[in-house]
Amino acid sequence: MVIYKAKDYQDMSRKAANIISAQIIMKPNCVLGLATGSSPVGTYKQLIEWYKKGDLDFSQVTSVNLDEYKGLSPENDQSYRYFMNTNLFDHVNIDKTRTFVPDGLEADSAKACNDYNAVIRKQGGVDLQLLGLGHNGHIGFNEPGAAFEKETHCVDLTESTIEANKRFFESEDDVPRQAYTMGIKNIMQAKKILVVVSGEDKADILKEVLYGPITPKVPASILQLHNDVTIVADEAALSKIDM
């Protein structure tokens, strides 16, 4: 595991974008596993900037996203498909037919999950998986207690996750209660994993993830067992760790 300390969020975003751009340059037809949330937004902005300068070409890239709310259409401005379009895909030359997000409108959970596992397998797996880190150690929507061997599955969101996400909706009642997410098994099968972490409020959980016991109570702790993980975190997030 490699840990890079960044000065702040902007520096973290730039360092993470460097790693992703290197992956694209080394393997133009790579498969990127992508994440949503506030953590990767700056990384996507930096990638767009380099694309506009002519330094990056997304034309052969395929992407698979970690998760999607169950019940939200791709056009809903809180869906993760909408997030990806507005924060990355609309601004680069990626072929949107090769950008995959779980189908939030598929009511049959088993079908939605089986279909998405088939999509991931068809791409030949993920070359680089980008992750953020939840305050409770979740990655994707794999909440504490989620079995490590699960592939894509439907999850009931915890109260803390609903609370964290309600600021994006008109009211708490509008926050979806379920989501489709890649499982820990899918994530661990990626060839390379990149985790971006920012802010003092993530310092305790980051220390637990990196140096605590490997347990489903802290889903991201499983990353200790992956052979190619890079953590890019700012000084605030690393404030509880001696480096």
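**Helix packing, cores and cysteines in a predicted model**

Thr36 sits in the loop that links strand 2 (31-34) to helix 2; here helices (H or I, at least four residues) and strands (E, at least two) are DSSP runs, numbered from the N terminus. The model is a predicted one, with local features needing pLDDT of at least 70 and side-chain atom pairs counted only at pLDDT 80 or more, while totals for chains, interfaces and linings use all residues. Residue numbers start from 1 along each chain as its sequence is written, and side-chain values rest on heavy atoms, with hydrogens and water left out.

With a relative accessibility of 14%, Thr36 counts as buried (buried is under 20% relative accessible area, exposed over 50%, and partly exposed in between, using a 1.4 Å probe and protein chains only). Setting aside neighbours within four places in sequence, Thr36 is in contact with Asn65, Asp67, Tyr80, Phe83 and Met84, where contact means heavy atoms within 4.5 Å.

Next comes the pairing of two helices. The axes of helix 2 (residues 41-53) and helix 3 (residues 80-87) come within 10 Å and cross at roughly 40°. Such axes are lines fitted to C-alpha atoms, for helices over the stretch in contact, with angles running from 0 to 180 degrees between N-to-C directions. That crossing makes helix 2 oblique to helix 3, since angles under 35 degrees count as roughly parallel, over 145 as roughly antiparallel, 65 to 115 as roughly perpendicular and the rest as oblique. On the helix 2 side the contact is made by Val41, Tyr44 and Ile48, and on the helix 3 side by Phe83, Met84 and Asn87. Sorted by class, this contact has five nonpolar residues, one polar and no charged ones (Ala, Val, Leu, Ile, Met, Phe, Trp, Tyr, Cys and Pro count as nonpolar, Asp, Glu, Lys and Arg as charged, and the others, Gly among them, as polar).

Ile48, in helix 2, is buried at a relative accessible area of 10%. Not counting residues up to four places away in sequence, Ile48 touches Asn87, Leu88, His91 and Val92. Ile20 is 28 residues from Ile48 in sequence, and their C-alpha atoms are 12 Å apart.

As for the interior, the largest nonpolar core has 32 residues, and those with the most contacts inside it are Leu131, Ile193, Val195, Leu206 and Leu223. A nonpolar core is a set of buried Ala, Val, Leu, Ile, Met, Phe, Trp, Tyr and Cys residues joined through side-chain atoms within 4.5 Å. At least two residues of this core come from each of helix 4 (109-122), helix 6 (184-188), strand 9 (192-197), helix 7 (203-211) and strand 10 (229-234). Helix 7 gives the largest share, four residues. Leu206 touches Leu133, Val197, Ile231, Ala233, Ala237, Leu238 and Ile241, leaving out residues up to four places away in sequence. A second, separate core of 29 residues includes Met12, Phe58, Phe83 and Leu194.

On the cysteine front, the structure holds zero disulfides, a disulfide being a pair of cysteine sulfur atoms within 2.5 Å. For Cys113, the nearest cysteine sulfur belongs to Cys154, 6.2 Å away, which is too far for a bond. Cys113 is buried at 6% relative accessibility, whereas Cys154 is partly exposed at 23%.

Finally, Asp242 lies in the segment after strand 10 and counts as exposed at 78% relative accessibility. Its C-alpha atom is separated by 22 Å from that of Ser13, 229 residues apart along the chain.
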